[in-house]
Amino acid sequence: MLNTGRLAGKVLYISGASRGIGLEFAKKAAKDGAKVAIAAKTAEPHPKLPGTIYTAAKEIEALGGTALPLIVDVRSEADIQKSVEDTVRQLGGIDIVINNASAISLTGTQETPMKTYDLMHSINTRGTYLVSKCALPYLKESASKGRNPHILNNSPPLSMRPIWFKNHVAYTMAKYGMSMCVLGMAEEFKEAGIAVNAIWPKTAIMTAAMVMMGGGDGISSQCRTPEIMADAAYVILTKHSREFTGNFCVDEHILREVGVKDFSQYLAPGATEDSLMPDFFLDEFLEAQGGEEKAEEIVAKAEKPAAKKAAAAAPAAAPAAAPAAGGGGQIAQVFDDISKVLSEDLVKKTNAVYSFKVTDEGTDWFLDLKNGAGSCGQGASPAAVDASFKMSSANFGKMFAGKLKPTAAFMTGRLKIEGNMGKAMKLEKLMGQMQKRGYHTVGNSKL
């Protein structure tokens, strides 16, 4: 989407802008000639994630913007206050605040250390509140000068559906805290003419952090690029602040409202419209499929296109031998298939140990992709487990057959994950390798 020049000369303060979505927000504004304060912790290169506040500043300036890199820990009131004052002194004020900094841990109550709980709440909820509070006097000054001030939080629409809480209540509370700031501050600052809105993606967004959590570049086939969030944010930030406030916007929806029809421009490498993974917290995902009471149907709609194509192309086969009672034979076949793709290279890339509880059978299985050339089998894992999965035998077979996306199953409550969520997501890599080699576990057969 083309820029209109309406952010020319505006001063933006963006938390978490050294990489990813935050950096894309900044780059979009820079194309108009905006001034951007990059408030983030990363002053030195991260071992796994690209980008620092200084590399971000170079990108912003290369696009025609003015950049002010600021080392900021959003948990520190002193850091925030100083960075806001530095922004005003060096850039001439603050017209727009984007609260983008966030921490995530998709873990259950027992699996969430209080240190992690405190981190998420300190960055997400408290950080958003604190940045907005410290910038408020300057946003009011911007309003008095008719400069159309905005606060924009990267946070989801508020929903009280239990499905968004049950698997990661600590993260949901922290993220919803950012959204509650929108709800309250939009009303509080309305008379002053300061808009407060939220933006949230309809689908997963491809960033370096997503690659790290998801276990590799393969996750891109389920994502859109950060540019869709930047374009949607641009639409919001160029609306009149006295007329557009208190809204929980979804990127695709806001772009459709201004006439964008071709969303293929936002597809990440390898992605198609059918392969995109819906993001968390969107009731429309549930409602479009008949509600959370139809979670199984929702999960089924997330079948991978490759698996559908292979199933449609497969010749009719003779009926397979009946599996052992309870599906145990099918699950044993899954692990037999897995054993055929184990290798030291796969172990090196994955570096994780998984355990599986098949709920309707009461059986336990393990997959060691951390030690030696890997191993798997029935029973408890002899090595310490990084991530544990609980699911029915039917969903187990679908997941390893490539018909079921673990993320969609997790979102809809059909799959319970405990432990390290980042390493849990790496399991999709193994499934991809099995599909490439032609293994298919449904019906205990190979394609």
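Partly exposed means a relative accessible area between the buried limit of under 20% and the exposed limit of over 50%. The exercises below use this cut-off on a predicted model.

**Exercise 1. Classify A373 and place it in the fold: buried, exposed or partly exposed?**

Solution.
- Step 1: Take the relative accessible area of A373, which is 38%.
- Step 2: Compare it with the limits of 20% and 50%. A373 is therefore partly exposed.
- Step 3: Locate the residue. A373 sits in the loop that links β9 (363-369) to β10 (375-378).
- Step 4: List its contacts, leaving out residues up to four places away in sequence. A373 touches L342, S343, E344 and V347.
- Step 5: Check a distance. A373 and L346 are 27 residues apart in sequence, yet their C-alpha atoms are 8.0 Å apart.

**Exercise 2. Classify N100 and find which side chain it joins by a polar contact.**

Solution.
- Step 1: N100 has a relative accessible area of 11%. Buried means under 20%, so N100 is buried.
- Step 2: N100 belongs to the loop between β4 and α4 (114-144).
- Step 3: Its side chain makes a polar contact of 3.0 Å with the side chain of N154.
- Step 4: Residues up to four places away in sequence are again left out. N100 then touches I14, S15, G16, I21, G22, F25 and N154.

**Exercise 3. Explain why helix α7 (residues 227-237) is largely enclosed.**

Solution.
- Step 1: Count the buried residues. They make up 10 of the 11 in α7, so the rest of the structure largely encloses the helix.
- Step 2: Name them. The buried residues are I228, M229, A230, D231, A232, A233, Y234, V235, I236 and L237.
- Step 3: Identify the cover. It includes the helices α1 (20-30) and α8 (251-257). The strands β4 (96-99), β5 (150-154), β6 (195-200) and β7 (248-250) also contribute.

**Exercise 4. Trace the pairing and crossovers around strand β2 (residues 35-40).**

Solution.
- Step 1: Start with burial. Five of the six residues of β2 are buried, leaving the strand mostly covered.
- Step 2: Pair β2 with β1 (residues 11-15). The two run parallel, over five bridges. K35 in β2 stands opposite V11.
- Step 3: Follow the connection. β1, α1 and β2 form a right-handed β-α-β unit.
- Step 4: Pair β2 with β3 (residues 66-71). This pairing is also parallel, over six bridges. I38 has P69 of β3 as its bridge partner.
- Step 5: Follow the next connection. From β2 the chain passes through helix α2 (residues 53-62) to β3, in a right-handed β-α-β crossover.

Key. Residues numbered from 1 in each chain as written. Predicted model: local features only at pLDDT ≥ 70, side-chain atom pairs only at ≥ 80, totals over all residues. Heavy atoms only, no water. Helix = DSSP H or I, 4+ residues; strand = E, 2+ residues; numbered from the N terminus. Buried < 20%, exposed > 50% of the residue type's maximum accessible area, 1.4 Å probe, protein only. Contact = heavy atoms within 4.5 Å. Polar contact = N/O pair within 3.5 Å; in protein donor to acceptor, adjacent residues only side chain to side chain. Pairing = 2+ DSSP bridges. Right-handed = clockwise from strand over helix to strand, strands pointing away.
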